[in-house]
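Work through the exercises below with the sequence and the model at hand. Try each task before you read its solution.

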Number of protein chains: 2
Amino acid sequence: MPDATEGSATRREELLAIAAGLFAEKGFKNTTVRDIADASGILSGSLYHHFDSKESMVDEILRTFQEELFGQYDAILASDAGPLDQLEQAVVVSFEAIDKHRDEVAIFQNEAAHLLTFERFGYLAERNEQSRDVWLTLLRNGIEAGVLRDDLDVELTYRFIRDTVWVAVSWYRPGGRRTHTEIARQYLSILLEGIHCA
Amino acid sequence: MPDATEGSATRREELLAIAAGLFAEKGFKNTTVRDIADASGILSGSLYHHFDSKESMVDEILRTFQEELFGQYDAILASDAGPLDQLEQAVVVSFEAIDKHRDEVAIFQNEAAHLLTFERFGYLAERNEQSRDVWLTLLRNGIEAGVLRDDLDVELTYRFIRDTVWVAVSWYRPGGRRTHTEIARQYLSILLEGIHCA
DNA sequence: GTCTATATCAGGATAGAC
DNA sequence: GTCTATCCTGATATAGAC
């Protein structure tokens, strides 16, 4: 009785995970349907029993991931933690996502700009907007509460945070010298206090 | 008398600029030789009078750009400015590159990882290594001189700087609300002093 | 659910005329 | 230096047997 809610992944999820790994590693366009089939131990034609197209695969991969991630951001915003705590939690959650869903983050990072040009992936633009809202809210709350500098361009600051957090996916490797929590902590230290001597 | 040293670009340079724009916008793999030819007002076959292959084009684009950029880094390191000044200059020069060579930076950012897997583009790995040396040297000099915090992981700090600087190419638009110098200044302010209240 | 076989098409590249 | 014409390969996707 295959069931998506079970611990063991369904065949569909297995195939998606394999595809995600390839998309992340070689890029969407550079990964052929045959690559995915090979890695799955079946032939390319068989993949079409499970999915409409290569696009459907990347679509499902990104949708699932973003639903989870934005659920976490919402929970943080809805919590009664202070503005600084919320900002820190958002950073931690993001690095956690890089650790737990590396492929998905990488795909989003590397392919979103291109996929965005197709109507089918319009929801990615909405997610971008939503992410911007989250970070801007966190920053503005911090400034209002007097814990963050009020002389910085909020829009620029948001971009720097967003970029630095997500781009870490390009070099972070789970099981490496530093855990994602350590990285998040160091990152927050730089972001909050700067690298200059006090 | 067409001459590369003249103010007016040679046909070759014109074509490379057009190709660079497309590579940056749509990605290397997603840009067809016919796309480049169309944008240049000629037919695809004619391009092969000027270049061996699509790969040769991106190769020449990246080589030329990197030669210039690393020349600037070398000049900064060789100067007798203080460690903090040198670090600031390196950041400024990088944002300048984003302004003046947006396409080239974007191509390097988006395609290097993939191109790197081909022997032909092995020099990109060397350039990465060289870039790492530059930033690590700047950071270590700063720490040694006592102007930078010594409690940070230098390797992580380097990555954060590198990533945040270059990823700006994905959103920076020349002629926008902020000049590249303003952006560099704000960025340095965050990097050096942090966003937390003093 | 997977395989065999194949239709269909797009893209990189070439040869030779103009 | 550009065009015409075309080759060749590799990629997505389909249809139907097992």
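Five exercises follow, each with a worked solution.

This is a predicted model, in which local features need pLDDT of at least 70, side-chain atom pairs count only at pLDDT 80 or more, and totals for chains, interfaces and linings use all residues. Residues are numbered from 1 along each chain as its sequence is written, chains are lettered from A and ligands numbered from 1 in the order in which they are written, and side-chain values use heavy atoms, with hydrogens and water left out.

**Exercise 1. The fold of one chain**

Task: Find how many helices and strands chain A has.

Solution.
- Step 1: Apply the rule. Helices (H or I, at least four residues) and strands (E, at least two) are DSSP runs, numbered from the N terminus.
- Step 2: Count. Chain A has 9 helices and 0 strands.
- Step 3: Write the pattern along the sequence. For chain A it reads α-α-α-α-α-α-α-α-α.
- Step 4: Box the chain. Along the principal axes, the C-alpha atoms of chain A fill roughly 60 × 40 × 35 Å.

**Exercise 2. A salt bridge inside the chain**

Task: Find the salt-bridge partner of R120(A) and say which parts of the chain the pair links.

Solution.
- Step 1: Recall the idea. Side chains of opposite charge can pair when their charged atoms come close.
- Step 2: Set the cut-off. A salt bridge needs a side-chain nitrogen of Lys or Arg within 4 Å of a carboxyl oxygen of Asp or Glu.
- Step 3: Name the partner. R120(A) pairs with D59(A), and their closest N and O atoms are 2.9 Å apart.
- Step 4: Place both ends. R120(A) sits in the loop between α6 (102–115) and α7 (123–144) of chain A, while D59(A) is in helix α4 (residues 54–78). The two are 61 residues apart, so the pair links distant parts of the chain.
- Step 5: Take the total. Over all chains, the structure holds 24 salt bridges.

**Exercise 3. Where the two chains meet**

Task: Describe the interface of chain A and chain B by its contacts, area and polar pairs.

Solution.
- Step 1: Count contacts (heavy atoms within 4.5 Å). 39 residues of chain A touch 39 residues of chain B.
- Step 2: Give the area. Buried area is the accessible area (1.4 Å probe) that two parts lose on being put together, summed over both. Here it is about 3800 Å², and carbon and sulfur atoms give 61% of it. On the side of chain A, F160(A), W171(A) and I195(A) lose the most area, together 20% of what that side buries.
- Step 3: Look for charge pairs. The interface has 2 salt bridges. D153(A) forms a salt bridge with R178(B), with the closest N and O atoms 2.7 Å apart.
- Step 4: Count polar contacts. These are pairs of N or O atoms within 3.5 Å; within protein, one must be able to donate a hydrogen and the other to accept it, and residues adjacent in sequence count only if both atoms are side-chain atoms. Between chain A and chain B, 23 residue pairs (both at pLDDT 80 or more) are in polar contact.
- Step 5: Find the helices. α5 (83–100), α8 (154–167) and α9 (180–193) of chain A each supply at least two residues to the side that touches chain B. α8(A) gives the most, with 9 residues.

**Exercise 4. How the copies are related**

Task: What turn and shift lay chain A on chain B?

Solution.
- Step 1: Superpose. The fit is by least squares on C-alpha atoms of residues with pLDDT of at least 70 in both copies.
- Step 2: Read the result. A turn of 180 degrees and a shift of 0.0 Å along the axis lay chain A on chain B, with an RMSD of 0.1 Å.
- Step 3: Name the relation. It is that of a two-fold axis.
- Step 4: Locate the axis. In chain A, the C-alpha of G194(A) is nearest, 1.9 Å from it.
- Step 5: Compare surfaces. The same surface serves both copies, as 100% of the contact residues of chain A recur in chain B.

**Exercise 5. Reading DNA strand C**

Task: Which residues are closest to DNA strand C, and which atoms of the strand do they approach?

Solution.
- Step 1: Collect the residues with a heavy atom within 4 Å of the strand. 14 residues surround DNA strand C, and the closest are L43(A), S46(A), V33(B), Y48(B) and K54(B).
- Step 2: Split the strand. Sugar and phosphate account for 63% of its atoms that come within 4 Å of the protein.
- Step 3: Check the phosphates. A backbone N or O atom of V33(B) lies 2.6 Å from a phosphate oxygen of DNA strand C. For a side-chain N or O atom of H49(A), the distance to a phosphate oxygen is 3.4 Å.
- Step 4: Check the bases. A polar side-chain atom of R34(B) lies 2.9 Å from a base oxygen of DNA strand C.
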